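Hi everyone, thanks for coming. I'd like to walk you through a structure that may be new to you, so let's put it on the screen.

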Amino acid sequence: ALVSSKEILMKAQQEGYAVGAFNAENMEMVQAIVAAAEELSSPVIIQTTPGSLQYADTDMFFGMVNAEAKKAKVPVALHLDHGNSAELCAKAILSGYTSIMIDGSKLAFSENVALTKKVVEFAHAMGVPVEGELGTVGGKEDTHEVKDSEKSYTDPEEAKEFAEQTGVDFLAVGIGNAHGFYKGVPKLRFDILEKTKSLVSIPIVLHGASGIPDEDVKKSTGLGICKVNFATELRDAFTKGVKEYIEKNPEVFDPKKYNGAGREKVKELIKHKMHVLNSVHKA
Ligand code: 13P
Ligand code: ZN
Ligand code: NA
């Protein structure tokens, strides 16, 4: 069933596991995400970035996710990832998204608070929970790029103020995590996460999880992380599945065949991540 992300994440927080938030780019990825969740009886969040929404809009993704969620036994949420304007947040809500993120992390603290608070006011009036971000996630996603020189860790005291002043439901943090694959092994600042967790009561979100070793993802879920975002590894798995199929079967021109191979690879990857997050049998 299609449900609110808040319902999914409050249960995860209470029971001490994390839920994967998987970025979908097309129908096959939506199907793969829901099929993995159904097979493992895991709650799941599907999300789309502004870049993906330029390729296919919020109504299209809502339609695909709703079609799969309706027949699923497990809870499925649809989330706007890295919302870059109040307008896009409103559009997603009107299409039926069950949570949104407003990403003001590149703004000064007071401007981030003002923008996030404004979005929280109308989203909550519509019954939709909001994710905010304080501190920056490195790397590049869509056109949103954070250079190493601009990278900043979340300040735990500021995180407390940010949560109180904005009324956000979930908080994304910057603890050395970055979008895309990492150069070398990422060094996450678990000390910052622990301090933040001790000051902030809402579920905390880890972005940039592609490339973070399983043990570190696991460790972070024990320290207050309830939502873990995966995008790059899914795109990589899908593309590898398609390429392998076409290389082996160069005569095939039926998209169902090669896209189906991509879909299978994504499903296997997601099942592995659900075990790492300990969300299996939690639906
Ligand atoms: P990765 O692409 O590193 O998995 O990051 C995903 C993400 O944070 C989506 O918001
Ligand atoms: Zn992200
Ligand atoms: Na990453």
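Before anything else, one term: when I say two residues are in contact, I mean that their C-beta atoms, placed from the backbone, lie within 7 Å. Please also keep in mind that this is a predicted model.

With that, let's begin at Ala231. You'll find Ala231 in the loop between β10 and α10. Is Ala231 buried or exposed? Ala231 counts as buried, because it has 25 C-beta neighbours inside 10 Å. If we leave aside its neighbours within four places in sequence, Ala231 is in contact with Asn23, Glu141 and Ser210.

Next to Ala231 is Phe230, found in strand β10. Phe230 counts as buried too, with 25 C-beta neighbours inside 10 Å. Not counting residues up to four places away in sequence, Phe230 touches Gly20, Phe22, Asn23, Ala209, Ser210 and Lys273.

Why start there? Both residues belong to a UniProt annotation, "binding site", from an unreviewed entry. That record covers Gly180, Gly208, Ala209, Ser210, Asn229, Phe230, Ala231 and Thr232. These residues span 53 residues in sequence, yet no two of their C-alpha atoms are more than 11.2 Å apart, so they gather at one spot.

Now to ligand 1. Which residues come nearest to ligand 1? Of the 14 residues around it, they are His207, Ser210, Asn229, Ala231 and Thr232. Three elements give two or more residues to this shell: β3, residues 76–83, β10, residues 225–230, and α10, residues 232–248. By class, the shell has 3 nonpolar, 9 polar and 2 charged residues.

While we're on β3, have a look at His82, which lies in that strand. His82 is not a glycine, yet its phi is positive, about 50 degrees. With 26 C-beta neighbours inside 10 Å, His82 counts as buried. For a contrast, go to the segment after α11, where His281 is found. His281 also has a positive phi, about 65 degrees, without being a glycine. But His281 is exposed, with 10 other C-beta atoms within 10 Å.

Let's move on to helix α7, residues 156–166. Its buried residues are Pro156, Ala159, Phe162, Ala163 and Thr166. Seen down the helix axis, they fall within an arc of 110 degrees, so they line one face of α7. Here is the background: an α-helix has 3.6 residues a turn, so residues three or four places apart point the same way. On the other side of α7, Glu157 and Glu164 are exposed. The cover over the buried residues includes α6, β5, β8 and α8. After α7 comes Gly167, with a positive phi near 75 degrees.

That brings us to the largest nonpolar core, which has 80 residues. Which of them touch the most other members? Val19, Ile33, Ile46, Ile100 and Leu171 do. Helix α11, residues 255–277, gives the most to this core, with 8 residues. Leu171 links back to α7: among its contacts beyond four places in sequence are Ala159 and Ala163.

Last stop, Phe190, in helix α8. Phe190 counts as partly exposed, with 15 C-beta neighbours inside 10 Å. Apart from residues up to four places away in sequence, Phe190 touches Lys219 and Leu223. The C-alpha atoms of Phe190 and Glu247 are 43 Å apart, with these positions 57 residues apart along the chain.

Thanks for listening, and I'm happy to go back to any part.

Terms used. Residues numbered from 1 in each chain as written. Chains lettered and ligands numbered in written order. Predicted model: local features only at pLDDT ≥ 70, side-chain atom pairs only at ≥ 80, totals over all residues. Near = placed C-beta within 6 Å. Helix = DSSP H or I, 4+ residues; strand = E, 2+ residues; numbered from the N terminus. Nonpolar A, V, L, I, M, F, W, Y, C, P; charged D, E, K, R; others polar. Buried ≥ 20, exposed ≤ 12 C-beta atoms within 10 Å, placed from the backbone. Arc of directions from axis to C-beta. UniProt positions renumbered as here; feature names shortened; annotations may be inferred. Core = buried A, V, L, I, M, F, W, Y, C linked by C-beta atoms within 7 Å.
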